Amino acid sequence: MPELPEVEIIKQSLEKKVKYKTINNILVKNSNLRFKIQKNFIHHLKNKKILNISRKSKYLVIKLEGNIFLIIHLGMSGTLHYLKKKKNIFYTNLSFYNSMILPKKHNHIEIIFSEFKIVYNDPRRFGFFLIIKSDHELENYFKKIGPEPFDQSFSYNYLKNKFHRKDKNIKNFLLDQNLVSGIGNIYANEILFYSKINPLKKVKEISKNEITKIIKYSKKVLNNAIKKGGSSIKNFKNITGINGHFQDEFAVYDQKGKTCPTLNCNKKIIKLNISNRSTYLCKSCQK
DNA sequence: AAGAGGCCCTGATAGC
DNA sequence: TGCTATCAGGGCCTCT
C-alpha cells in the first residue's frame, strides 16, 4: 500500500505521539507476518524509551534506548492506529494512514504506552517488524537499498551510469528498490507520465534530457503527494477523520479510459501489464 | 548474471 | 444470492 509519501505521513504523525515516550508492553497476537517475529522481540522493546523516529524509503525506523532499532515495513496493506486510553479503555482516535475505525480483524501487534497504544493492522501480512541491535547492523541492513529521489546521490551521473547498456525497462527500474528507493507502482506511473517517457522504454535508450526529467519529476511527484497527505485508495467502509488526497490528482494511475490530462491531447489513458504490475500511460504523450 | 515472473496473503469487486 | 476469477499500494526468491 504505502509508498514513500504515505510512510512519510505516518512517520510525521507517529513522531508526534510516541517520541520520548516509554513502551510499557508489547502484545504480539500474530507473529506470522512477512517474517516471523523474532524470539526476543518483546524483551528488546519493553520498558524502553523511544528516542527518535525516522524514515528510510518505505521503512519506518524507530530508535530506542540501548541502541535498539525497530524497523517497520507496512507491506501492501499494513496500517498503524493510535488508540487513546480513557478510564482503562482504549478508544479509537486517529489512524496514521487512513483514520479509519480500527478494523475487527488482523490487528497483529499492539505497542502499549501508559496513555495510549499503537495497533498494527495488516490483512495480507506482507509487512513486518524487525529488531536491529546496533548502528552497524542498521547500516548494514540498508546497504543494498538505492538512494531515494530526495537524496543528493540520486544525480544525473548516478542514473547515467545505472542506465548504461542496461536492458531493463524504465518502469521496472523505478520499482527496483536497489536502484532507487521509495517509489512504488502508483508514483512510478505518475513520474513517467510527467517525464513523457513510455514505461517500456529500455533505460539504455533514455536521453540526457529524459534523465533530467526523471530526477525532476521523481522529486516533484513525491513532494506533491506528501503535501496532499499521501494517497488513500481502497478505503475501508467506516472512515472517520483524515485521509490523504493525492488520489484525486492522479494523472494516469487508475485512470484507464479517461482522457489524457495533457492540454490539447484528446487520447485515452490505456492500461498495460508490465511484470505483473498495472501500468497506465498516454501512448501519445509518452514516447 | 541481469531481468522477468511467481509467490506470499486476504478482501473487494466484477461477471456469470 | 452465490459462486468463481481477477486484481490490489511490496519485495523476496527462483528460474532462465
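I take buried to mean under 20% relative accessible area, with exposed over 50% and partly exposed in between (1.4 Å probe, protein chains only). Helices are DSSP runs of H or I with at least four residues, numbered from the N terminus.

This is a predicted model, where local features need pLDDT of at least 70 and side-chain atom pairs count only at pLDDT 80 or more, while totals for chains, interfaces and linings use all residues. Residues are numbered from 1 along each chain as its sequence is written, chains are lettered from A in the order in which they are written, and side-chain values use heavy atoms, with hydrogens and water left out.

Helix 4 came up early in my notes. I found Y158, L159 and F163 buried in this helix, residues 156-163. They line one face of helix 4, because down its axis the buried residues fall within an arc of 120 degrees (taken from the directions from the helix axis to the C-beta atoms). Their cover includes helix 5 (170-175) and helix 7 (208-227), with contact meaning heavy atoms within 4.5 Å. After helix 4 I noted R165, with a positive phi near 60 degrees.

Then I went to DNA strand B. The residues around this strand include K105, H106, R124, R125, K168 and N276; near means a heavy atom within 4 Å. Of the strand B atoms within 4 Å of the protein, 70% are sugar and phosphate.

I also looked up polar pairs (N or O atoms within 3.5 Å). A polar side-chain atom of H106 sits 2.6 Å from a phosphate oxygen of DNA strand B, and one of K105 lies 3.1 Å from a phosphate oxygen of the strand.

Methods:
A polar contact is a pair of N or O atoms within 3.5 Å; within protein, one must be able to donate a hydrogen and the other to accept it, and residues adjacent in sequence count only if both atoms are side-chain atoms. Helices (H or I, at least four residues) and strands (E, at least two) are DSSP runs, numbered from the N terminus.
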